[in-house]
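Dear colleague,

I am passing on a structure that I would like you to look through at your own pace. Please have it open beside this message while you read the notes that follow.

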Amino acid sequence: MPLNDNPHSDDQPEPEPVLDLASRLTQDHHQSLKLWLRMLSCTVKIENEIRSRLRATFGITLPRFDLMAQLERHPQGLRMGELSKRMMVTGGNITGITDQLEQEKLVVRVPDPKDGRVFSVRLTAAGRRAFATMAQVHEEWIAELLQDVSGADKTQLIELLSHMKHSLHARDDK
């Protein structure tokens with residue numbers, strides 16, 4: 001679907017308006033506010049669908065899946081504080097998620113070799129196998145949910161959002 005304002009041809013009826021975070025906006029609202037709420041609406045819609053599918057298919061929550069994804073990228077393990085920073089949640093949340101995954105034998109806490117007072121969290125062999133299965137299905141779900149966006153539009157969106165991300169991070173560095 002092109003990124004223009006009217007993705008429908010003239011001979012097709014207009015679709016029913018989608019009521020979401022962006023639906024309350026009018027022409028008088030700032031363009032940046034419209035963009036932010038449109039991005040947020042899309043993110044929330046996709047995230048809610050993924051949450052529902054993860055729970056129904058694998059009996060797992062999105063935060064637990066996300067923690068396992070972080071650990072899958074770092075087989076040597078990550079400290080709890082690093083997990084908290086990467087997932088942008090409190091240390092208490094990380095502890096609770098880790099406790100659940102540890103009870104299910106999907107992760108293990110190991111003393112940090114550099115500092116015995118601190119623990120790193122690693123996926124177990126069972127955790128790696130379980131996550132590999134979930135990650136494959138998760139990727140298929142994302143592809144399905146975004147199938148109506150052309151490859152060219154996906155590329156353009158990735159480039160535009162990358163530029164936005166760099167701009168926002170540059171503001172943080174000032």
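**What was found**

The second largest pocket holds about 160 Å³ of space, and please keep in mind throughout that the model is a predicted one. The lining of this pocket is made up of Gln76, Gly77, Leu78, Arg79, Glu82, Asp112, Pro113, Lys114 and Ser120. Sorted by character, these lining residues comprise 4 charged, 3 polar and 2 nonpolar ones.

Leu78, which is one of the lining residues of that pocket, also leads us to leucine 71, since Leu78 is among the contacts of leucine 71 when neighbours within four places in sequence are left aside. The others on that list are Leu83, Val107, Val121, Arg122 and Leu123.

Leu71 in turn belongs to the largest nonpolar core, which has 23 residues, and is named there with Leu54, Leu67, Met68, Leu83, Leu101 and Val107 as having the most contacts inside the core. At least two residues of this core come from each of helix 1, helix 2, helix 3 (80-87), helix 4 (91-103), strand 3 (115-123) and helix 5, and it is helix 2 that gives the most, with 6 residues.

The aromatic rings deserve a separate look. A pair of aromatic rings is described by the distance of the centres and the angle of the planes. How many aromatic pairs does the structure hold? There are 2 of them.

In one, the rings of phenylalanine 58 and tryptophan 141 have centres 6.1 Å apart and planes at 50 degrees, and the pair is therefore tilted, as this angle is neither under 30 degrees nor over 60. This pair links distant parts of the chain, with phenylalanine 58 in helix 1 (residues 31-58) and tryptophan 141 in helix 5 (residues 125-145), 83 residues apart. Phenylalanine 58 is partly exposed, its relative accessible area being 27%, whereas tryptophan 141, at 10%, is buried.

The other pair, formed by phenylalanine 65 and phenylalanine 131, is tilted as well, with 5.2 Å from centre to centre and 35 degrees between the planes. Because phenylalanine 65 lies in helix 2 (residues 62-73) and phenylalanine 131 in helix 5, the pair ties together parts that are 66 residues apart in sequence. Are these two rings buried or exposed? Phenylalanine 65 is buried, with a relative accessible area of 4%, and phenylalanine 131 counts as buried too, at 6%.

With best wishes

Terms used:
Residues numbered from 1 in each chain as written. Predicted model: local features only at pLDDT ≥ 70, side-chain atom pairs only at ≥ 80, totals over all residues. Heavy atoms only, no water. Phe/Tyr/Trp six-rings, centres within 6.5 Å; stacked < 30°, edge-to-face > 60°. Helix = DSSP H or I, 4+ residues; strand = E, 2+ residues; numbered from the N terminus. Buried < 20%, exposed > 50% of the residue type's maximum accessible area, 1.4 Å probe, protein only. Core = buried A, V, L, I, M, F, W, Y, C linked by side-chain atoms within 4.5 Å. Contact = heavy atoms within 4.5 Å. 1 Å grid on protein atoms, 1.4 Å probe; cavity = no way out; pocket = protein on both sides within 12 Å on 5 of 7 lines; lining within 4 Å. Points joined across faces, edges and corners; volume = space filled by probe spheres on them. Nonpolar A, V, L, I, M, F, W, Y, C, P; charged D, E, K, R; others polar.
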